[in-house]
Amino acid sequence: MSDRTPIVYGFTSTPIGKVLLVGSTSALIGLYMADHAHTPPAAENWLPDRGELDNVRRQLNEYFSGARSGFEITTRPAGTAFQRAVWSMLEAIPYGTTVTYGEIAGRLGRPSAARAVGTANGQNPISIVIPCHRVIGAGGDLTGYGWGLERKAWLLRHERERATLTGG
């Protein structure tokens with residue numbers, strides 16, 4: 001993002017808590033739980049959004065109401081090449097399903113990198129839209145979700161119930 005592109009922020013309420021949205025006129029760059037210790041504070045140069053994030057809010061509302069299973073939001077997460085590769089893999093996980101950290105590592109051609117995948121997954125700055133909640137431990141355990149395992153379980157249950165209802 002160039003220094004001339006203003007970064008905007010705003011909030012929206014969801015069934016799992018208040019969410020901080022960070023973006024610009026062209027892309028979403030952050031989606032965080034507002035009450036979480038690792039949520040960044042608004043930077044001095046960020047501006048309150050004046051509608052720039054309304055499309056993100058609308059799509060999140062549709063997701064949480066069960067009317068949307070995928071997002072049509074341009075994202076621009078800042079990260080290393082490896083992190084961006086992992087996050088790209090997350091976007092390919094179908095709604096209502098899960099994969100393991102090891103499966104993602106294998107798909108990246110780095111089968112011994114499950115822990116590195118877990119670290120990159122945990123540093124995903126655009127949760128829900130880039131669905132890091134769909135990644136589970138090798139034994140099927142819900143592991144490592146920065147927003148808390150209760151929220152991860154809620155998101156997975158929400159998606160599975162809707163996928164079953166729609167035959168997806």
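A residue is called buried here when its relative accessible area is under 20%, exposed when that area is over 50%, and partly exposed in between, with a 1.4 Å probe rolled over protein chains only. By that yardstick Ile128 is buried, since its relative accessible area is 2%. The model is a predicted one, so local features need pLDDT of at least 70 and side-chain atom pairs count only at pLDDT 80 or more, while totals for chains, interfaces and linings use all residues. Residues are numbered from 1 along each chain as its sequence is written, and side-chain values use heavy atoms, with hydrogens and water left out.

Helices (H or I, at least four residues) and strands (E, at least two) are DSSP runs, numbered from the N terminus. Ile128 sits in the loop between helix 4 and strand 6. Its phi is near 70°, a positive value in a residue other than glycine. Ile128 also turns up in the largest nonpolar core, a nonpolar core being a set of buried Ala, Val, Leu, Ile, Met, Phe, Trp, Tyr and Cys residues joined through side-chain atoms within 4.5 Å. That core has 36 residues, and Leu31, Leu60, Leu90 and Ile128 touch the most other members. Two or more residues each come from strand 2, strand 3, helix 1, helix 2, helix 3, helix 4 and helix 5 (149–166). Helix 1 supplies the largest share, four residues. A second, separate core of six residues takes in Leu20, Val22, Ile29 and Trp46, among others.

Contact means heavy atoms within 4.5 Å. Once residues up to four places away in sequence are set aside, Leu31 touches Val19, Leu20, Leu21, Leu60, Pro125, Ile126, Ser127, Ile128, Val129 and Trp147.

Next comes the sheet. Two strands pair if DSSP finds at least two bridges between them. Four strands form an open sheet in the order 3-2-1-4, with mixed pairing. Strand 3 (28–33) and strand 4 are at the edges with a single partner strand each, so one side of each is left without a neighbour in the sheet. Strand 1 (residues 8–14) and strand 2 (residues 17–23) are antiparallel and share seven bridges. A hairpin of two residues links this pair, and Thr14 has Gly17 of strand 2 as its bridge partner. Strand 1 runs parallel to strand 4 (residues 47–48), with two bridges between them; here Val8 is bridged to Leu47, and Tyr9 stands opposite Pro48.

The side chains of strand 1 alternate: Val8, Gly10, Thr12 and Thr14 point to one face and are buried, whereas Tyr9, Phe11 and Ser13 point to the other and are not. Helix 1 (residues 54–65) lies across strand 1, strand 2 and strand 3, and runs at about 20° to strand 1. Such angles run from 0 to 180 degrees between N-to-C directions, with axes fitted as lines to C-alpha atoms, for helices over the stretch in contact.

Over in helix 2 (residues 81–91), the buried residues are Gln83, Val86, Trp87 and Leu90. They cover an arc of only 100° around the axis, which puts them on the same side of helix 2; the arc is that of the directions from the helix axis to the C-beta atoms. Among the elements covering these residues are helix 3 (101–107), helix 4 (114–122) and strand 6 (135–136).

Two buried polar side chains round off the picture. A polar contact is a pair of N or O atoms within 3.5 Å; within protein, one must be able to donate a hydrogen and the other to accept it, and residues adjacent in sequence count only if both atoms are side-chain atoms. Arg134 lies in the loop between helix 4 and strand 6 and is buried, at a relative accessible area of 5%. Its side chain makes a polar contact with that of Glu159 (2.8 Å), and a polar atom of the Arg134 side chain lies 2.7 Å from the backbone oxygen of Ile93. Beyond four places in sequence, the contacts of Arg134 include Ser69, Pro94, Tyr95 and Leu156.

His158, in helix 5, is buried too, with a relative accessible area of 3%. A polar atom of its side chain lies 2.8 Å from the backbone oxygen of Tyr63. The C-alpha atoms of His158 and Tyr63 are separated by 9.5 Å, though the two are 95 residues apart along the chain. Neighbours within four places aside, His158 is in contact with Tyr63, Phe64, Gly66 and Tyr95.
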